[in-house]
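Reader: Take me through one part of this model at close range, contact by contact. I want cut-offs with every term and no padding.

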Amino acid sequence: MTRTSRPCCGEGCLCTGCGYLKPCDSFYGTSRPGRRKHHGAKCKTCQRAAGKERYGALTTEQKADKARMNKRWYLKNLYDLTPEAFEAILAAQGGGCAVCGTTSPTGQGNTFHVDHDHSCCPGGKTCGKCVRGILCTRCNMALGLLDDDRTRIARLDAYLSKTGVMQRG
């Protein structure tokens with residue numbers, strides 16, 4: 001598979017997949033500092049269709065290998081973790097979520113999520129030194145919605161600890 005790119009003229013380009021002249025924003029682009037913007041030879045629609053066709057042609061074993069490679073890339077590039085380190089953290093937590101202990105994560109991707117201190121590394125990528133643990137989807141989302149705010153979490157706990165139902169006048 002050869003990837004071709006060409007300089008962007010800004011006026012529209014001919015897609016080598018469908019043969020139509022399309023605006024430049026219909027193509028996936030690459031731009032590097034100090035270099036002219038380039039984009040692919042095929043439009044986004046043709047690129048997606050070709051990707052689905054390639055993926056559909058894979059065997060179940062090849063798809064599993066691809067999923068493992070994607071997870072390896074994801075963990076390394078976002079959290080500076082290897083899959084082995086991820087599994088070691090999970091095992092140290094008893095094989096489940098560090099908060100609720102579930103061993104059967106549900107939700108987004110049916111997988112566990114890496115929790116890290118967002119104040120250390122704002123943005124998408126972490127330094128790898130601020131990983132706090134592995135969480136299930138629910139606990140990860142709850143922590144995110146509470147902005148890791150210990151005061152808010154304590155107040156929420158106190159609120160849930162109150163007994164009785166508020167009476168309406």
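Author: What follows starts with a pair of helices, moves to a pair of strands, and ends with loops and cysteines.

This is a predicted model, where local features need pLDDT of at least 70, side-chain atom pairs count only at pLDDT 80 or more, and totals for chains, interfaces and linings use all residues. Residues are numbered from 1 along each chain as its sequence is written, and side-chain values use heavy atoms, with hydrogens and water left out.

Start with the helices. Helices (H or I, at least four residues) and strands (E, at least two) are DSSP runs, numbered from the N terminus. Helix α2 covers residues 60-79 and helix α3 covers residues 83-92. Their axes come within 9 Å and cross at roughly 80°. An axis here is a line fitted to C-alpha atoms, for helices over the stretch in contact, and angles run from 0 to 180 degrees between N-to-C directions. α2 and α3 are therefore roughly perpendicular to each other. That label covers 65 to 115 degrees; under 35 counts as roughly parallel, over 145 as roughly antiparallel, and the rest as oblique.

Which residues meet there? From α2 come K71, R72 and L75. From α3 come P83, E84, F86 and E87. Contact means heavy atoms within 4.5 Å. The residues of this contact divide into three nonpolar, no polar and four charged. In that scheme Ala, Val, Leu, Ile, Met, Phe, Trp, Tyr, Cys and Pro are nonpolar, Asp, Glu, Lys and Arg are charged, and the others, Gly among them, are polar.

Now zoom in on F86, in helix α3. F86 counts as buried, at 3% relative accessibility. Buried means under 20% relative accessible area, exposed means over 50%, and partly exposed lies in between (1.4 Å probe, protein chains only). Not counting residues up to four places away in sequence, F86 touches K71, L75, F112, V114 and I134. K71 and L75 belong to α2. V114 belongs to strand β6. The C-alpha atoms of F86 and R72 are 9.9 Å apart, with these positions 14 residues apart along the chain.

I89 is another residue of helix α3. I89 is partly exposed, at 25% relative accessibility. Leaving aside neighbours within four places in sequence, I89 is in contact with L81, V131, G133 and I134. I89 and I134 are 45 residues apart along the chain, yet their C-alpha atoms are separated by 7.0 Å.

Next, the strands. Strand β6 (residues 113-116) is covered on both faces. H113 and D115 sit on one side, V114 and H116 on the other, and all are buried. β6 runs antiparallel to strand β7 (residues 131-135), and four bridges join them. Two strands pair if DSSP finds at least two bridges between them. H116 has V131 as its bridge partner in β7.

D115 deserves its own look. Its place is in strand β6, and D115 is buried at 7% relative accessibility. Beyond four places in sequence, D115 touches C130, V131, R132, G133, L135, N140 and L143.

The loop between β6 and β7 holds T126. T126 is buried, at 7% relative accessibility. Not counting residues up to four places away in sequence, T126 touches L78, Y79, H116 and C121.

T102 is in another loop, the one between α3 and β6. With a relative accessible area of 25%, T102 is partly exposed. T102 touches G96, C97, F112 and C136, again not counting residues up to four places away in sequence. T102 and C136 are 34 residues apart along the chain, and their C-alpha atoms are separated by 7.3 Å.

How many disulfides are found in the whole structure? Zero. The test is a pair of cysteine sulfur atoms within 2.5 Å. C120 is partly exposed at 40% relative accessibility, whereas C130 is buried at 7%.

Finally, backbone angles. Most residues other than glycine have a negative phi. D147 has a positive phi of about 55°, and D148 has a positive phi of about 55°. Neither D147 nor D148 is a glycine. D147 lies in the loop between α4 (137-145) and α5 (150-161), and D148 lies in the loop between α4 and α5. D147 is exposed, with a relative accessible area of 57%. D148 is partly exposed, at 24% relative accessibility.
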